[in-house]
Amino acid sequence: MTADKEAGSAAWPGGPVPAGVLNAAGTMTSLGASRVRAEAAAAADAISRRFVDIGELQARASEAIAECTGAEAGFVTSCSAAGVALGVAASMTGDDLSLIERLPDAAGMRSRVAMHAGHAVNYGAPIEQAVRLAGAEPVMFGSSTEAHLYQLESLLDGTEGFAAGLYVVSHHCPREGMVPLGDFVAAFAARSLPVVVDLASEQDLRVSERLGADYTVYSSHKFLSGPTAGIVAGKRDIVRAAHLQSRGIGRTMKVGKEGIAGAVAALRAWVASRGDGTGEARQAEVLALWQDALGGSPGIGVRTLPDWTGNPVDRLELTVRPEEAGLYAWELADRLRRGEPRVFVREQFVESGVLVLDPCCLEDGEERQVSDRILGVLEKAAADGDGRAMPFGEYKRAEAEGALRWPD
Ligand SMILES: *Cc1c(COP(=O)(O)O)cnc(C)c1O
């Protein structure tokens, strides 16, 4: 029995148990973020039954985060997006409590935040909105695929009122053509302005230490396998100012003691186990199994896709040639999601006929169930000849319409 089934049947408080899903997509909020590691669940459970001084708990979290990241200080937020909003707010208010209580009304404050046009990503919601939530105004430079340092410098020197810069490291961003993070940080440092760096999905926890970034944001619920939370690490003053936002806009993004304890436990456990190579070895096994199982299917191409932002993660790229496979890539994704067991894959490049399988969230045995389901859908489509029926535009429309019908 998989952990999903055990957890689902034992813990759901009455009513029909939500169906378990096989997650070959990665750590997605819409799929429940992560499989919380035992150390983190135990820490969250233990603290949930007692009272604490939250300020003291966050100060202890700061020490742990500093130890694990090399940054001066840190704290735990409700999620990474909240960490971005609070960092932007901190760059506007500093530790002035009256300004903190006034946001998102930013009248009279420096409130512009410079960012690459190519960094205007959507991780389930647009990142500019996290900036605007603090009362700031995102100001883009460059084009979606190309940007230069001179454009940034001219923007910063030619416009009044900048409070900070925002830099996003993510596979959602263009791979080439952006200003390197080190140059970006240096341009702001030269003007005594901080940079908020969104590293939600990155494993390199020492960016603030290495590049002098003022404020970095990580996720507790992605690689670290913690509960839903964000982890901020950075320079003492801006981190303190961000923590103080709990007396202002941060109240609507509150993290509880369970989140704080769970995130810190996950961080410590991850750092302690990092580098033992077990994760990488297992990924290689899963990819080899998938290549073997799927590589010979008509109309299917398989290839290893290394993570390009620097995480030591390989995924499987599955190219669907519709004439031979008998269906479009998005129809394959759709049928996988509807069948039993439900399988979710990454759809980042789906419109170009490519699905991506992520090994990181699967337990032993689940990788085989994933490839079996894919083979089953392909074989059935070949037998029934019912594929190539849904154009991509219709697929996207159906997805949006489904969301609007919730809870039905
Ligand atoms: C996942 C992700 C987010 C959102 O993280 P949450 O913790 O779910 O708010 C933001 N930025 C990037 C780059 C991400 O990958």
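Here is a short chat about a few strands and helices in this predicted model.

Colleague: Let's start with the open sheet of three strands; in what order do the strands come?

Modeller: The pairing in that sheet is antiparallel. β9 (300-306) and β12 (354-357) each have a single partner strand, so they stand at the edges and one side of each is left without a neighbour in the sheet. On average, neighbouring strands are turned by 25 degrees against each other, direction ignored. The order is β9-β10-β12.

Colleague: Which residue in β10 is the bridge partner of Ile300?

Modeller: Strands of a sheet pair through backbone hydrogen bonds, either parallel or antiparallel. Here β9 and β10 (residues 314-320) go for the antiparallel sense, over seven bridges. Within β10, the partner of Ile300 is Val320.

Colleague: Which helix lies across β9, β10 and β12?

Modeller: Look for a helix that covers residues 278-294. It runs at about 15 degrees to β10. That's α12.

Colleague: How are α12 and α15 oriented to each other, roughly parallel or roughly perpendicular?

Modeller: Two packed helices are described by the angle between their axes and the distance between the axes. For α12 and α15 (residues 366-384), the axes are 10 Å apart and the angle is about 20 degrees. Angles under 35 degrees count as roughly parallel. The two helices are therefore roughly parallel.

Colleague: And how many residues of the contact of α12 with α15 are nonpolar?

Modeller: On the α12 side, the contact includes Val286, Leu289 and Trp290, and on the α15 side Val370, Ile374 and Leu375 are among the residues met. Arg282 from α12 takes part as well, as do Glu367 and Arg368 from α15. Overall there are three charged residues and one polar, and the nonpolar ones number eight.

Colleague: Over to β8 (residues 230-234): is this strand largely enclosed, and why, or is it open?

Modeller: In a regular strand the side chains alternate between the two faces of the sheet. In β8, Gly230, Val232 and Gly234 point one way while Ile231 and Ala233 point the other way, and all are buried. Because five of the five residues are buried, β8 is largely enclosed by the rest of the structure.

Colleague: Which residue stands opposite Val232 in β8?

Modeller: β8 pairs with β7 (residues 215-219) in the antiparallel sense over five bridges, and there Ser219 stands opposite Gly230. Five bridges also join β8 to β2 (residues 73-77), again running antiparallel. Opposite Val232 stands Phe75.

Note on methods:
Residues are numbered from 1 along each chain as its sequence is written. This is a predicted model: local features need pLDDT of at least 70, side-chain atom pairs count only at pLDDT 80 or more; totals for chains, interfaces and linings use all residues. Side-chain values use heavy atoms; hydrogens and water are left out. Two strands pair if DSSP finds at least two bridges between them. Helices (H or I, at least four residues) and strands (E, at least two) are DSSP runs, numbered from the N terminus. Axes are lines fitted to C-alpha atoms, for helices over the stretch in contact, and angles run from 0 to 180 degrees between N-to-C directions. Contact means heavy atoms within 4.5 Å. Angles under 35 degrees count as roughly parallel, over 145 as roughly antiparallel, 65 to 115 as roughly perpendicular and the rest as oblique. Ala, Val, Leu, Ile, Met, Phe, Trp, Tyr, Cys and Pro count as nonpolar, Asp, Glu, Lys and Arg as charged, and the others, Gly among them, as polar. Buried means under 20% relative accessible area, exposed over 50%, partly exposed in between (1.4 Å probe, protein chains only).
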